[in-house]
Amino acid sequence: MIRTEELLLNVGPQHPSTHGVFRIIVKLDGEIITEATPVMGYLHRGTEKLAENLNFTQIIPYTDRMDYVSAMTNNYVLVHAVEKMMGLEVPERAEFLRLIVMELQRVASHMVWWGTYLLDIGALSPFLYAFSDRERILQLFNELCGARLTYNYMRVGGVKWDAPEGWIDRVKQFVRDMKTKLLEYDDLASGNEILLSRIKGVGTYDAQTAIDYGLSGANLRSTGVKWDLRKNEPYSLYSRFEFDVPVGKNGDCYDRYLVRMEEMRQSLRILEQALEQFPEGGETMGKVPRVIRPPVGEIYVRIESPRGEIGCYIVSKGKAEPFRLKFRRPSFVNLQILPKLLVGESMTNLVTILGGIDIVLGEVDC
Amino acid sequence: MQKFWNDPVTWGHAGLYLLGAIAVLAVVIVFVTYAIYFERKVIGWMQYRRGPNRTGPLGLLQTVADVAKLLMKEDTIPAKADKALFILAPVLAFVPSFLVLAIIPYGLNLQFADLNVGFLYYVALSGITTIAIVLGGWSSNNKYALLGGMRSAAQMISYEVPLVMSVVGIAMMTESLNLREIVIYQEGWFWHWNFLPQIVGFAVFVVAAISELNRTPFDLPEAESELVAGYHVEYSGFRFAFFMLTEYIYVYAIACLATILFLGGWNAPAPQLDFIPGLVWFALKFACIVFFLFWIRATLPRLRIDQLMGLAWKVLLPLAILNIFLTAVGIEWWGKGGG
């Protein structure tokens with residue numbers, strides 16, 4: 001009789017496919033996972049605690065560094081919460097700019113996901129195609145606010161910078177190009193037999209499980225639940241535009257893939273409409289008191305980030321600093337289902353499932 | 001060169017043979033150096049990049065610099081590793097890869113050893129490399145390396161079967177396993193080449209060969225996104241270089257083998273083109289296959305281990321057997337040449 005034992009394998013925090021400093025300890029029986037324990041916190045910076053000693057404008061750069069692949073939506077959730085608390089009016093031009101950058105950001109974020117996901121599955125080229133196209137979005141952001149990753153663009157009551165000359169036209173051009181690019185992406189990867197066999201039926205869960213675990217974003221929609229805050233609780237100007245909420249059916253990695261691909265297309269649709277209706281002139285900053293002091297009370301707002309529902313909870317004592325600030329980070333919440341999904345899967349599927357959840361470690365650890 | 005075998009061994013012969021071996025080694029090393037460069041360039045172009053272009057003119061010295069770097073690196077052996085096996089593994093991987101080159105006929109009279117069982121010799125020796133890879137994974141005493149080594153063993157053993165079976169059709173048609181005779185059999189127009197009558201065999205051979213080479217989409221033993229680097233994760237410096245060298249020599253060997261078995265070796269596609277030396281034709285066909293291997297790498301994702309095994313046993317093997325059957329029927333009905 002051969003003596004066999006389970007193999008305890010430590011994956012990460014330095015591992016090419018954990019998308020950052022994520023660590024997971026897996027027990028392997030052969031190549032089959034019998035138990036998985038995620039270890040988080042390698043990128044914890046105490047954002048929420050730090051925020052208690054900062055005024056609201058100073059917190060905005062910290063939100064950039066949470067989900068660094070999608071900084072614009074993070075900016076928005078904070079300023080949106082403060083504005084709602086103080087009942088501030090945001091000029092239309094500023095709101096348009098915010099919406100345009102948020103949708104561009106969603107496309108950019110999904111492109112990072114698409115590239116890295118296929119890289120996880122072993123295809124090298126999509127990664128570079130996605131990044132070279134994302135580069136154009138970063139270039140647009142760079143023209144707008146002088147930064148490529150951590151933008152610090154939005155302010156309570158508006159945005160910091162107005163769109164430079166010709167910027168809107170360049171975005172229009174980008175949206176046109178990106179539409180054909182997406183078709184190319186589909187041609188290259190979406191129908192690939194190997195890709196299908198790798199992600200179809202992998203990491204499946206049903207709608208009830210997804211809701212029980214508090215999943216949101218594409219992770220929830222892949223199970224068929226039509227829940228998108230842009231539609232269900234319209235914020236910003238989303239109620240003005242026409243777009244669909246793509247949903248999946250089976251709740252596997254393949255449906256998550258399709259949902260995200262379709263979301264990019266829908267974002268471009270929103271962008272097209274927003275760019276058409278973009279107001280000619282107007283202010284980019286509303287009337288905001290010199291020192292921002294939200295009234296005593298608390299508020300919770302949530303918006304749809306590329307990864308799911310991002311929420312911001314503020315308790316104010318009427319001071320310039322929040323008494324308590326709490327972010328609901330979609331990556332963190334979505335990640336909680338991972339140990340459940342991994343049991344019984346092979347080592348190879350670990351990478352597929354983890355990639356399919358689409359986490360950003362800056363947001364998981366915050 | 002054949003008559004060397006039959007003549008009595010003298011010092012002069014031994015010396016000539018040694019020189020020949022060194023020449024082949026030089027050719028192979030140059031090939032590996034520039035195959036790596038070519039691969040990086042090709043994949044670079046396919047990915048909107050430029051590839052290496054800094055070291056030397058057009059980046060031509062990039063691989064040389066890389067090898068020099070590997071030479072100068074500290075030679076580390078993990079404390080818990082099985083030292084003897086750890087040192088032995090890269091050598092054991094490299095030696096057979098070089099030995100298999102002895103039977104490759106580049107031209108009618110340009111061959112080291114004209115073995116009657118040439119193809120079997122190739123299969124037998126290349127199998128030893130599998131042992132070395134398992135050994136490397138095992139002796140590193142690293143879990144990732146072990147997983148990579150085990151995967152590699154499973155994969156290479158599985159794919160050797162369809163690889164050999166796919167060539168049986170050719171052996172039946174030519175009634176020989178001698179690589180030189182197989183090429184001579186394919187003389188004439190390009191439709192005399194084996195890849196047309198043996199199209200099923202050719203397809204099986206190419207897929208199985210890519211898998212034998214551990215290249216995308218079958219590069220599971222070193223699947224970077226899962227196993228970091230697979231069986232050679234603990235190797236550094238020149239021991240690592242030996243594994244890499246082995247891998248690329250097998251690319252060379254398999255490309256040669258495919259050229260010989262299926263693409264008519266040194267034969268020109270049309271008899272009118274015979275004035276161009278056979279070596280040029282050989283090199284052209286060889287280059288096409290090498291390019292194909294690199295192209296695949298830039299395009300396809302990776303299979304999962306269970307799917308990989310399924311492909312070998314459930315698809316390729318039945319196809320190869322079907323090919324044998326069809327060849328037999330063809331020979332029975334139309335005589336040799338059909339199929």
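In this predicted model, the contact between chain A and chain B draws on 25 residues from chain A and 23 residues from chain B. On the chain A side, β1 (7-11), α4 (92-121), α5 (125-145), α7 (193-199) and α14 (347-357) each contribute at least two residues to the surface that touches chain B. By class, that side of chain A comprises 13 nonpolar, nine polar and three charged residues.

Two of these chain A elements, α4(A) and α14(A), also pack on each other, with axes 9 Å apart and an angle of about 175°. Angles over 145 degrees count as roughly antiparallel, and α4(A) and α14(A) are therefore roughly antiparallel to each other. The residues that meet here are T116(A), Y117(A), D120(A) and I121(A) from α4(A), and V351(A), T352(A) and G355(A) from α14(A). Sorted by class, this helix contact holds three nonpolar, three polar and one charged residues.

Turning to chain B, the chain is divided into domain 1 (1-72) and domain 2 (84-334). The C-alpha centres of these two domains of chain B are 19 Å apart, and their contact takes 17 residues from domain 1 and 20 residues from domain 2. On the domain 1 side, α2 (11-46) and α3 (62-72) of chain B are the elements that give two or more residues to the contact. The greatest share of that side comes from α2(B), with 11 residues. The side of domain 1 of chain B facing this contact is made up of 13 nonpolar, three polar and one charged residues.

The nonpolar interior gives a second view of how the two domains meet. The largest nonpolar core contains 190 residues, and F205(B), V251(B) and A258(B) have the most contacts inside it. Both domain 1 (1-72) and domain 2 (84-334) of chain B supply residues to this core, so the core lies between them. For V251(B), the contacts beyond four places away in sequence are with A35(B), L213(B), V290(B) and L293(B). As a general point, nonpolar side chains in soluble globular proteins tend to be buried together.

Helix packing in chain B offers a counterpart to the α4(A) and α14(A) pair. The axes of α6 (residues 143-174) and α12 (residues 305-334) of chain B come within 8 Å and cross at roughly 10°, which makes α6(B) roughly parallel to α12(B). The contact of α6(B) with α12(B) includes 20 nonpolar, six polar and one charged residues.

Definitions and conventions. Residues are numbered from 1 along each chain as its sequence is written. Chains are lettered from A and ligands numbered from 1 in the order in which they are written. This is a predicted model: local features need pLDDT of at least 70, side-chain atom pairs count only at pLDDT 80 or more; totals for chains, interfaces and linings use all residues. A nonpolar core is a set of buried Ala, Val, Leu, Ile, Met, Phe, Trp, Tyr and Cys residues joined through C-beta atoms within 7 Å. A residue is buried if 20 or more other C-beta atoms lie within 10 Å of its own, exposed if 12 or fewer, and partly exposed in between; C-beta atoms are placed from the backbone. Domain bounds come from an automatic or database domain assignment. Two residues are in contact if their C-beta atoms, placed from the backbone, lie within 7 Å. Axes are lines fitted to C-alpha atoms, for helices over the stretch in contact, and angles run from 0 to 180 degrees between N-to-C directions. Helices (H or I, at least four residues) and strands (E, at least two) are DSSP runs, numbered from the N terminus. Angles under 35 degrees count as roughly parallel, over 145 as roughly antiparallel, 65 to 115 as roughly perpendicular and the rest as oblique. Ala, Val, Leu, Ile, Met, Phe, Trp, Tyr, Cys and Pro count as nonpolar, Asp, Glu, Lys and Arg as charged, and the others, Gly among them, as polar.
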